[in-house]
Each structure stands twice: as C-alpha cells, then as structure tokens.
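Subject: Handover of a structure and its findings

Dear colleague,

Please find the structure below, followed by an account of what was found in it. I would be grateful if you would read the two side by side.

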Amino acid sequence: MQNQTVRGIVCLCLGVLVFSLQDAIIKQVSGAYPLTEVVAIRSLVGVPVLWALVQREVGWRALFTPRWGVLALRALILFISYTAYYMAFPALPLADAVALYFTVPLFVTALAGPFLGEKSGWKVWLAVVVGFAGVMVMLQPGSGLFEPAALLSLLSAAMYGSSMLMARRLGTTQAASVMSFHQNAFFLLGALATALVLHQLGIVRAEHPSLSFLVRPWVPPTLLDGSLMAVCGVVAAVGTLFLTSAYRMARASIVTPFEYTGMLWAPTWGYVFFHEVPRATTVLGGGIVVAAGLVALRAAHKP
C-alpha cells in the first residue's frame with residue numbers, strides 16, 4: 001500500500017509536469033496563431049491516443065454511454081474553462097496565469113455545498129477567505145497594474161472546479177478515459193464551431209492580446225509550430241494517463257496537494273522560454289493561495 005501511494009504521488013507530479021509543458025507551448029504560439037487553430041490541431045492529434053486508452057481500459061463500446069448528455073455538458077464547461085485559461089497567456093506572465101488558476105481547490109470547496117450538498121466547517125471557509133485574499137494580492141486591483149486578463153484565469157478555475165464536482169458524480173459510473181475522450185471530441189468540435197462563427201461574423205482582429213488570440217484568422221503553421229501544436233495532443237493524453245493513474249493508486253486526499261507542484265514549473269518555464277521574472281506580489285499571493293488551498297483540502301477531508 002505504501003509503494004502504491006508513492007507511485008501515485010510520482011505519477012501525479014509527472015502529470016503536472018507534462019501539462020505545464022503544454023502551457024509553455026501554447027503561450028509560445030499564442031502570438032501568431034488563433035486559439036481555435038491550436039486547440040483543433042491538439043485535439044485532432046489526441047483522438048487516436050485517447051481512443052487507444054479507451055480500448056485498453058474499457059473497450060470502445062463504452063463511449064456510447066446513455067449518460068452522453070451529462071458528459072457533453074461537462075465537456076462544454078471544460079471547453080469554456082480551457083479557452084479562458086489559454087486566452088490569459090498572451091496578456092499575463094505564465095507564473096501569474098497559473099498561480100491564479102490554482103485557486104481551483106478554493107472554488108471546489110465553495111461550490112461543493114450547492115453542487116453536492118457537502119457541508120464545510122469554519123476552518124475550511126476561513127481557508128477559502130484567506131485564499132482569495134491571496135488572489136487580491138496578485139491582482140492588485142486599483143493599483144494601475146491590474147490586468148483584466150487575470151479574470152480569465154479566475155473564470156477558468158471556477159469552471160474547472162465545477163467540472164471536477166461533476167466528475168465526482170460521474171466517476172462511479174464512467175471511466176476516466178471515456179470522460180477524457182468525450183472532452184477531447186467536444187474541444188475539437190467547439191474549436192471548429194467557434195472559428196466558423198467568428199469567420200462568418202467577420203471578426204478577425206481585436207486590440208487586447210487575449211481577444212486577438214481568440215479571433216485572429218487561421219494561417220498555415222510552419223513545420224516547427226505545427227509540430228509543437230501536435231505535441232500538445234500527445235502531451236494532453238499522456239498527462240491525463242498520469243493523473244488518472246495517480247488517483248487510482250492513492251487516495252485523493254494524499255495526492256491532490258501535489259497538484260501544487262505546478263507552481264514550481266510555471267515560473268521556471270516563464271523564465272527559461274520567455275525571460276519572465278515573477279513579481280514579488282505574484283510570489284506572495286501565490287504562496288497564500290497554496291497555503292490556503294492545502295488547509296482547505298486537509299480540513300475538508302477530516303471527518
């Protein structure tokens with residue numbers, strides 16, 4: 001059992017590392033290509049990889065589940081979440097975007113009552129309040145340094161937290177690979193549909209870098225950039241496999257805190273690839289969010 005727990009922790013840390021590389025890749029191409037094109041290529045590459053995972057885990061017939069409507073709703077929520085998350089990249093340093101996204105446990109705690117009827121004690125709610133105080137430290141509202149794109153990361157965290165609560169309900173009846181396959185398929189269709197609507201409306205440019213990343217028209221990618229986008233599909237599938245394995249090998253209450261190792265990789269890739277140095281307020285506010293999230297997770301799992 002102890003070995004299984006260690007393997008679970010290692011798998012989760014590897015999954016977080018793999019997904020952090022995808023963030024760096026998407027930020028790299030965000031200045032020249034539209035988000036819909038990046039997501040479409042990433043999702044198209046992910047189809048055969050996820051199909052193989054489904055076939056290995058439960059067989060392809062499991063994809064034709066009677067609960068496809070709920071899976072589609074969850075996929076829509078995740079599509080909104082990831083779209084908002086990626087849109088923040090052109091306007092924010094990578095460390096800022098990721099640090100704000102790591103408010104997910106706080107949103108999960110706050111939404112667990114309305115979604116699942118779970119009651120939280122005063123320690124949990126105190127941790128949530130402190131965590132959002134850390135968010136205010138990072139956002140610096142009213143200081144003249146506030147970047148509206150930061151709200152995209154927070155929207156992403158709230159939507160992702162909602163999807164996690166839906167997954168908790170579905171997890172007893174749906175395999176993780178099946179949920180991932182439906183999610184990836186919706187991402188592909190959603191990206192194509194969004195691009196088509198924007199094209200039909202003639203919306204091709206915007207002043208803000210986040211909106212520009214969404215609305216600019218598709219262009220043929222260079223070999224290098226196309227390869228990077230394709231790699232994201234493999235990265236997403238491999239990362240999903242690592243994270244799924246982690247939560248199967250060990251209790252969620254043990255491995256979930258290691259999600260915060262992503263806070264180490266974001267500033268690392270930001271500095272190495274984009275020469276970004278995290279602001280002092282990002283480090284301080286991010287530290288408060290992590291500490292509050294860990295307290296909330298620990299308190300929530302106590303009987």
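A residue is called buried under 20% relative accessible area, exposed over 50%, and partly exposed in between, with a 1.4 Å probe and protein chains only. By that definition His275 is exposed, because its relative accessible area is 68%. His275 sits in the loop between helix H12 (262-274) and helix H13 (280-300); helices (H or I, at least four residues) are DSSP runs, numbered from the N terminus. Although His275 is not a glycine, it has a positive phi of about 55°.

Please note that this is a predicted model, in which local features need pLDDT of at least 70 and side-chain atom pairs count only at pLDDT 80 or more, while totals for chains, interfaces and linings use all residues. Residues are numbered from 1 along each chain as its sequence is written, and side-chain values use heavy atoms, with hydrogens and water left out.

Turning to the interior, the largest nonpolar core (buried Ala, Val, Leu, Ile, Met, Phe, Trp, Tyr and Cys residues joined through side-chain atoms within 4.5 Å) has 57 residues. Those with the most contacts inside this core are Ile26, Tyr86, Phe89, Leu94 and Leu100. Helix H3 supplies the largest share of the core, 7 residues. Another core, of 10 residues, lies apart from it and includes Leu50, Leu63, Leu71 and Ala175. Beyond its neighbours within four places in sequence, Leu100 is in contact (heavy atoms within 4.5 Å) with Val135, Met138, Leu139, Ala150, Ser153, Leu154 and Ala157.

As for aromatic residues, the whole structure holds 16 aromatic pairs, taken as rings of Phe, Tyr and Trp (its six-membered ring) with centres within 6.5 Å; planes under 30 degrees apart are stacked, over 60 edge-to-face, and the rest tilted. Tyr85 and Tyr86 form a tilted pair, 5.7 Å centre to centre with 40° between the planes. Tyr85 counts as buried because its relative accessibility is 5%, and Tyr86 likewise counts as buried, at 2%. Both belong to a cluster linked by ring pairs, whose members include Phe79, Tyr82, Phe89, Tyr101 and Tyr260.

On the surface, Leu73, Leu76, Ile80 and Leu155 make a nonpolar patch of about 310 Å². Helix H3 (residues 68-87) gives the most to this patch, with 3 residues. Ile80, found in helix H3, is partly exposed, with a relative accessible area of 35%. Patch residues have over 30% relative accessible area and no salt bridge (a side-chain nitrogen of Lys or Arg within 4 Å of a carboxyl oxygen of Asp or Glu); like charges are joined within 9 Å, and nonpolar side chains (Val, Leu, Ile, Met, Phe, Trp, Tyr) within 5 Å. Accessible areas come from the Shrake-Rupley method with a 1.4 Å probe, and for residues only the protein chains shown count as cover.

Yours sincerely

Methods: Helix = DSSP H or I, 4+ residues; strand = E, 2+ residues; numbered from the N terminus.
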